[in-house]
Amino acid sequence: MTSELYYEAKRNALPYAAERGHNRTSIEDIDIEHMKTAHIIGVCGTAMASLASLLIERGMTVSGSDQACYPPMSTVLEDLHVQVLPFDVKNIEGKDLIIVGNMCSPVNVEAAYCRDNNIPYFSLGEIIGKLCIGDKKSIVVAGTHGKTTTTSVAISAFKYASLNPAYLVGGVMKEDGKSAHYNPDSKYFIIEGDEYDTAYFDKRPKFLHYKPYVTIITSLELDHIDIYKDFADYEQAFKYLIEATHKDGVVIACVDDNNVKILVEKMKDTGAHIITYGKDFDADMKIVAIETVTEGQKVTVEYKGKQDTFTTHMFGEYNALNTVAIYTAATFLNLDIEKIKESFTTFEGVKRRQEIYGVKNNVTIIDDFAHHPTAVFKTLKGLRERFPTSNIRAIFEPRTNTSRAKIFEEEYAHAFSFTNQVYISTPKKKDGYNSDEFMDVEYVAKTISEQGIPCKAFSDADEIVAYIKNEIQSGDILVVMSNGDFHGIHAKLLNIL
């Protein structure tokens, strides 16, 4: 079955099928090159704010609407002078181009207005593919974990090698405070390949719109359980991504991840060109050694019988793997590999990925985006390598549909094994969410404590701050883990130090 038919069937099985299947204008039938104004419904989504940046760079005036906005993307929009408006049909009037974010529902007033008045509307994926990628060589970084960091490493490396890539990443790079760059003359477009669906009217994963020439798959583990019914459904998206990769391009896959290794085996007879990487004995780009050094990690790889070594300033084995993925891509593309290796030592990182928010009275507050139990585990393992003797206190908000799902309760019991104390905020129950599938935070706290790590559950951020105030000691590392603003807990913690 083709990807179009597969995801059309998923769309038609959802509520509001008629609204989702409304006959739209094809993006191929509009003169997008000469459009001057754009409006984004759901502009505060990570990728949507980045798209706003791309459109502004190409000379368009952009407006946006949403109901919630928080850093770092709220900061990006402020810097772009994009006002975030409440949803209202007046926002649509006089706009050349309407773009619908994937968090916009079929009953959103602006979306309904477009349908009722035959106003053309499109998804982020359609706009990126048509307007930004075109005939460029698209480098799509996909996988359950590590997408943002790996994409950012690629962007930094290509910039360092004077390739001036166009790009879009689901985070803000520290080196320039940007999440996207439009360059019509660049040979390359580097993009974070999100597997979440595209829009209420298009249930295909976003990355299927990105015309991959180089596809990187970092990991594979069930995520986004609100749209994927099981692992087979989730894996299918990546099968389609491999099939969509250009015949002259390559799929670069991390076989240290067992699910990726199985996927590669399943796809080996499809004719796809696949280069594997990792510590695995059978990896094509084999990691021979990873040594933790003062400045980060020293990594030795072997490819086609030849060894090479580079240094990355990032800590954690998973970050070494992320960097090897880009080294492998650069090797395939015949780039200046010495320049690429040099770039790894200059990479400053991504906001909200092990980012030091502040230091006060010898206490360090770190902000991190991790929310899936595997991401939590890997992030904390990397921080333990970075701060081997420090007292690490993890402050966790299970905010996403995945992170607050009951099926991950047992995994969280082991996700915090590299910490000394854990504090968990109780998530709010989402309307229409089945309570039987919702995380029991008290149970999670109990199971973590049974692993020998003191853990307590709290009603909200303020309760955590009030409690932890009397526990913090000089030298502590406070790791705040949430994909939202966590009710401003970072600043509140800094204020009590």
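**Exercise 1. Decide whether E57 is buried, partly exposed or exposed, and state which residues lie around E57.**

Solution. Begin with the accessible area: E57 has a relative accessible area of 33%, and because buried means under 20%, exposed over 50% and partly exposed in between (1.4 Å probe, protein chains only), E57 counts as partly exposed. This is a predicted model, in which local features need pLDDT of at least 70 and side-chain atom pairs count only at pLDDT 80 or more, whereas totals for chains, interfaces and linings use all residues. Residues are numbered from 1 along each chain as its sequence is written, and side-chain values use heavy atoms, with hydrogens and water left out.

Next, place the residue: E57 is found in helix α3, where helices (H or I, at least four residues) and strands (E, at least two) are DSSP runs numbered from the N terminus. Then look for its partners, taking contact to mean heavy atoms within 4.5 Å: with neighbours within four places in sequence left aside, E57 is in contact with K178, A180, H181 and Y182. Finally, the C-alpha atoms of E57 and N183 are separated by 8.5 Å, although these residues are 126 residues apart along the chain.

**Exercise 2. Determine how helices α3 and α6 are arranged relative to each other, and which residues make the contact.**

Solution. First take the geometry, in which axes are lines fitted to C-alpha atoms, for helices over the stretch in contact, and angles run from 0 to 180 degrees between N-to-C directions. The axes of α3 and α6 come within 11 Å and cross at roughly 30°. Angles under 35 degrees count as roughly parallel, over 145 as roughly antiparallel, 65 to 115 as roughly perpendicular and the rest as oblique, and α3 and α6 are therefore roughly parallel to each other. The contact is made from α3 by A47, M48, L51, L54 and L55, and from α6 by L124, I127, I128, L131 and C132.

Then ask how far α6 is covered: nine of its 10 residues are buried, and among them are E126, G129 and I133. After α6 comes G134, whose phi is positive, near 55°.

**Exercise 3. Identify the residues with the most contacts inside the largest nonpolar core, and the helix that gives the most to this core.**

Solution. A nonpolar core is a set of buried Ala, Val, Leu, Ile, Met, Phe, Trp, Tyr and Cys residues joined through side-chain atoms within 4.5 Å. The largest one has 65 residues, and those with the most contacts inside it are L55, L97, I127, I128 and F238. Helix α3 (residues 46–57) gives the most to this core, with seven residues. Taking L55 as an example, and not counting residues up to four places away in sequence, L55 touches A38, I40, M60, V62, I99, I127 and L131. Apart from this core lies another, of 41 residues, among them V153, V301, L333 and L335.

**Exercise 4. Describe the open sheet of 10 strands, and find the helix that packs on the sheet.**

Solution. Two strands pair if DSSP finds at least two bridges between them. The strand order is β8-β7-β9-β6-β12-β13-β14-β15-β16-β17, with mixed pairing, and the edge strands, each pairing on one side only, are β8 (180–181) and β17 (306–312). Helix α6 (residues 124–133) packs on the sheet by touching β6 (137–142), β7 (166–168) and β9 (188–192), and its direction makes about 160° with that of β9. Within the sheet, β14 (residues 274–278) and β15 (residues 285–293) pair in the parallel sense over two bridges, and G278 stands opposite K286 in β15.

**Exercise 5. Establish whether K147 and V422 are buried or exposed, and name the contacts of each.**

Solution. Start with K147, found in helix α7 (residues 147–160): its relative accessible area is 11%, so K147 is buried. With neighbours within four places in sequence left aside, K147 is in contact with V141, A142, E192, G193, D194 and E195.

Turn then to V422, which lies in strand β21 (residues 421–425) and counts as buried at 1% relative accessibility. On the same basis of leaving aside neighbours within four places in sequence, V422 is in contact with A394, F416, I448, I453, P454, C455 and K456.
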